[in-house]
Amino acid sequence: MAETEKKIDRLAYDIDPQLRDEVLRYINMPGGDAELKHDLQYHSPDEVDAKNWALIKDQMIHTRVIFPHH
């Protein structure tokens with residue numbers, strides 16, 4: 001069995017059991033965003049959201065600097 005096919009059965013953080021089950025179900029679904037699944041193994045959904053919002057904000061600032069009239 002390839003490493004990408006390994007079933008993940010635990011997370012590196014504590015979380016509400018119902019939410020944990022949903023996160024694990026998503027992580028173990030075939031396909032999808034591999035980076036998001038990896039992040040969710042080690043960081044809570046709130047931390048992942050905060051990281052993604054920070055990246056979006058940085059990209060928007062970068063775009064305004066490069067294309068200030070658009």
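**Exercise 1. Work out which residues are linked with D39 in a network of salt bridges, and describe the surroundings of D39.**

*Solution.* Start with the network: E35, D39 and K51 are linked by salt bridges. Keep in mind as you go that this is a predicted model.

Next, take one pair from it. The side chains of K51 and D39 meet at 2.7 Å, N to O. This pair links distant parts of the chain, with K51 in helix α3 and D39 in helix α2, 12 residues apart. Helix α2 itself covers residues 34–42.

Now check the exposure of each partner. D39 has a relative accessible area of 12%, which is under the 20% cut-off, so D39 is buried. K51, at 34% relative accessibility, counts as partly exposed.

Finally, look at the contacts of D39. Once neighbours within four places in sequence are set aside, D39 is in contact with V48 and K51. K51 is thus a contact of D39 as well as its salt-bridge partner.

**Exercise 2. Find how many salt bridges the structure holds, and examine the pairs R25–E22 and D21–R20.**

*Solution.* The total comes to 4 salt bridges. As a reminder of the principle, side chains of opposite charge can pair when their charged atoms come close.

Take R25 and E22 to begin with: their side chains meet at 2.8 Å, N to O. Both residues lie in helix α1, 3 residues apart, about one turn of the helix. E22 is partly exposed, with a relative accessible area of 42%.

Then turn to D21 and R20, whose side chains form a salt bridge at 3.4 Å, N to O. D21 counts as partly exposed at 38% relative accessibility, and R20 also counts as partly exposed, at 32%.

**Exercise 3. Identify the residues of the largest nonpolar core and say which helix gives the most to it.**

*Solution.* List the members: L11, Y13, V23, L24, I27, L40 and V48, 7 residues in all. Helix α1, residues 17–28, gives the most to this core, with 3 residues.

Follow one member outward. Leaving out residues up to four places away in sequence, Y13 touches V23, L40, Q41, Y42, H43, S44 and P45. Among these contacts, V23 and L40 are also members of the core. V48, another core member, brings us back to Exercise 1, where it appeared as a contact of D39.

**Exercise 4. Locate the nonpolar surface patch that includes V65, and decide whether V65 is buried or exposed.**

*Solution.* The patch is made by I61, V65, I66 and F67 and covers about 390 Å². V65 lies in helix α3, which spans residues 45–66. With a relative accessible area of 63%, V65 is over the 50% cut-off and therefore exposed.

**Exercise 5. Describe the overall architecture of the chain, and explain why it is more spread out than a compact globule.**

*Solution.* Count the elements: there are 3 helices and 0 strands, in the order α-α-α along the sequence. The radius of gyration is 16 Å, well over the 11 Å that the globule rule gives for 70 residues, so the chain is more spread out than a compact globule.

Now add the other overall values. Along the principal axes, the C-alpha atoms fill a box of roughly 50 × 30 × 15 Å. Of the 70 residues, 16% count as buried. The accessible surface is about 6100 Å², and 56% of that belongs to carbon and sulfur atoms.

Lastly, consider the contacts with a separation of 6 or more: residues 24 or more positions apart account for 31% of them.

Notes: Residues numbered from 1 in each chain as written. Predicted model: local features only at pLDDT ≥ 70, side-chain atom pairs only at ≥ 80, totals over all residues. Heavy atoms only, no water. Helix = DSSP H or I, 4+ residues; strand = E, 2+ residues; numbered from the N terminus. Buried < 20%, exposed > 50% of the residue type's maximum accessible area, 1.4 Å probe, protein only. Contact = heavy atoms within 4.5 Å. Patch = residues over 30% accessible without salt bridge, like charges linked within 9 Å, V, L, I, M, F, W, Y side chains within 5 Å. Areas by Shrake-Rupley, 256 points an atom, 1.4 Å probe, with all protein chains shown as cover. Core = buried A, V, L, I, M, F, W, Y, C linked by side-chain atoms within 4.5 Å. Rg over C-alpha atoms; globule rule 2.2 N^0.38 Å.
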